[in-house]
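Trainee: I've got a structure open and no clue where to start. Can we go through it together?

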Amino acid sequence: MLIHSASQLLTLAGDPQRGRELGRLGLIEDGAVLIRDEKIVAVGKTADLRAAYPSEPRLDADGCVVMPGFVDPHTHLVWGGDRAAEFEMKLAGTPYLDILAAGGGILSTVRQTRTASIETLVAQARPRLLRMFAHGTTTVEAKTGYGLQTATELRQLKALLLLEDESRIDIAPTFLGAHAIPPEFQDDPQGYTDLVCETMLPIVRQWWETHAPGRRLPFVDVFCENKAFNLAQSRQILEKARRLGFPLKIHADEFDNLGGASLAVELGAVSADHLVKTSDADIRALGRSETVAVALPCTPFGLAECEYTPARKLIEADAILALATDCNPGTAWNESMQFVIALACRMMKLTPAQAIAAATINAAHAIRMANKVGSLEPGKQADLLILSVPDYRHLGYRFGTNLVRQVIKKGRVYSVDVGYYRTA
Ligand code: NIG
Ligand code: FE
C-alpha cells in the first residue's frame with residue numbers, strides 16, 4: 001500500500017537524537033511511504049514513489065501529516081480500581097508521599113490489584129490500552145508493581161502478555177516489584193528488598209522463560225525515593241537484576257534527589273525516569289551516558305505541582321531525552337502522548353519538533369526497540385499515524401483533543417477520524 005500526498009512526512013530517521021540534535025524530524029514535503037505486509041519498504045516524495053510503484057493500492061493522506069506511531073516508554077498500564085478519592089485529598093494539600101506513608105497511595109492500588117482476578121485486570125487495562133492506541137501510541141512499555149508479592153506481580157505480567165496477544169500493540173514489560181514497601185514489611189524494608197533479590201527476581205526470570213519462551217527478559221525497575229527504596233536498596237536490587245541478565249530502569253528524583261540517576265548511569269541502565277529533582281552533577285553524568293532520560297510531565301501536572309524535569313539542562317548536557325505518559329492511577333491517569341507533547345512544550349520549553357522526536361525515536365531507544373519502531377525507515381515495522389492536521393506544529397500547539405485520523409499498526413489501518421482541518 002502506498003500512502004501518499006502527506007503535507008509533511010516525518011521520518012525521524014537515524015540515530016537517537018542526543019542533546020542539541022534533538023528535533024531532527026527528517027521532514028519530506030508532499031511525502032509518501034510504501035508499506036507491504038507489516039513493514040516499511042520505501043519513503044520519499046509522492047511523485048517519485050507513485051512513479052516507482054504505479055500499481056500499488058493507495059491510501060490518500062490528502063494533505064495531512066504522516067509520522068511514526070508514538071512510543072510510550074513508561075506506563076503502569078495494569079492495575080485494579082482507581083484513586084479518585086485521593087485526588088481530592090491531594091488538592092486539599094496532603095502530599096503524595098504522606099498519603100503513601102499512611103497506607104494509601106500505591107498501597108491502596110495494591111489492595112485493589114491483589115484482589116482482582118486476571119480477567120478483571122485485563123478487562124480494566126483494555127480500555128486504557130485502546131485509548132492509548134486511539135491517541136496514536138503503537139508501542140507501550142508497561143510495569144508491574146501493584147502486587148508487591150510474587151503471585152500478583154506474575155498475574156500483572158500475565159495480563160500484559162494477554163493484552164499484547166489480543167491487541168497487536170507491542171508491549172515492552174517491566175518488573176517493578178520494588179515499587180513500594182508492602183504492608184507485611186512496613187517495619188522491615190530491608191527484608192522486602194532481600195525478598196525481591198533472592199526470591200522474586202529468580203522466580204520472575206524462570207516464569208518468563210516458561211511463559212514467554214524466546215522473548216527478551218522484561219526490564220527491572222525500582223522506585224528510588226524516600227518512603228520507598230533508598231539508594232543502597234535500589235543498588236542491591238538493580239545489581240542483582242543485572243547479574244540475572246535483566247535490562248534496567250529506575251524511577252529517580254521524582255520528589256527528592258537520592259542519587260538514583262547516577263546509579264542508573266553507573267549500572268548501564270537503559271533509562272532513568274522522572275528526573276525532576278536531579279542535581280547538576282547527575283545531569284552531567286546522564287549527558288555522558290547511553291542511559292535515556294525519560295521525562296514525565298503528566299506527573300507534576302497530575303499532582304498539581306509546579307516543578308518539571310529540567311529538559312533544557314538535559315539537552316545542554318547532551319543527554320538523550322525521551323517523553324512518556326507515566327499512565328498510572330495515582331499521579332497521572334492519562335493515555336495520550338499528544339497531551340504529553342503539549343505539556344512538554346509549555347512546561348519544559350521543548351519545541352514541537354523536539355517533543356515529537358522525544359516521543360518517537362528517542363522513546364524507542366528508552367525501551368531498546370529502535371531496531372523495530374520509532375521512525376519511518378525501510379525495514380522497520382509499519383507503525384504510523386495520519387494526523388488530521390496540515391503541519392506538525394499542531395502537535396504541542398493544540399491540546400486535550402485527539403488529532404489522529406488513522407493509526408496504522410503493522411500495516412493494518414484503523415480509523416479514528418472525526419474530520420479534517422483544512423485551509424482551503
Ligand atoms: O511513576 N512514583 C512511583 N510510581 C508512579 C506512581 C504510582 C502510583 O501512584 O500508583 C509514578 O509516578
Ligand atoms: Fe512511574
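**Two ligands and their neighbours**

Mentor: Sure! Just remember that this is a predicted model. Around ligand 1 there are 16 residues, and those that come nearest are R83, Y96, Y146, H179 and E254.

Trainee: How many residues of the shell around ligand 1 are nonpolar, polar and charged?

Mentor: Sort the shell residues by class. Three of them are charged and four are nonpolar. The polar group in that shell comes to nine.

Trainee: How far is a polar side-chain atom of E254 from a nitrogen atom of ligand 1?

Mentor: Let's look at H179 as well: one of its polar side-chain atoms is 2.8 Å from a nitrogen atom of the ligand. A polar contact needs N or O atoms within 3.5 Å. For E254, the distance from a polar side-chain atom to a nitrogen atom of ligand 1 is 2.6 Å.

Trainee: What percentage of ligand 1's accessible area does the protein cover?

Mentor: Start with where ligand 1 sits, which is the largest cavity. On its own, ligand 1 has 330 Å² of accessible area. The share covered by the protein is 100%.

Trainee: Which protein donor of the iron ion also has a side-chain N or O atom 3.2 Å from an oxygen atom of ligand 1?

Mentor: The iron ion is ligand 2, and its protein donors lie 2.1 to 2.3 Å away: H74 (NE2), H76 (NE2), H251 (NE2) and D326 (OD). In sequence, these donor residues follow the spacing H-x1-H-x174-H-x74-D. H74 and H76 are both buried. The donor with that 3.2 Å distance to an oxygen atom of ligand 1 is H251.

Technical notes:
Residues are numbered from 1 along each chain as its sequence is written. Chains are lettered from A and ligands numbered from 1 in the order in which they are written. This is a predicted model: local features need pLDDT of at least 70, side-chain atom pairs count only at pLDDT 80 or more; totals for chains, interfaces and linings use all residues. Side-chain values use heavy atoms; hydrogens and water are left out. A residue is near a molecule or strand if one of its heavy atoms lies within 4 Å of it. Accessible areas come from the Shrake-Rupley method with a 1.4 Å probe; for residues, only the protein chains shown count as cover. On a 1 Å grid over the protein atoms alone, a cavity is a set of points where a 1.4 Å probe fits but cannot get out, and a pocket is an open set with protein on both sides within 12 Å along at least five of seven lines; lining residues have an atom within 4 Å of a point. A molecule sits in a cavity or pocket if more than half of its atoms lie within 2 Å of its grid points. Ala, Val, Leu, Ile, Met, Phe, Trp, Tyr, Cys and Pro count as nonpolar, Asp, Glu, Lys and Arg as charged, and the others, Gly among them, as polar. Donors are N, O and S atoms within 2.8 Å of the metal (3.2 Å for Na, K and Ca); water is not among the atoms, so sites may look incomplete. Buried means under 20% relative accessible area, exposed over 50%, partly exposed in between (1.4 Å probe, protein chains only).
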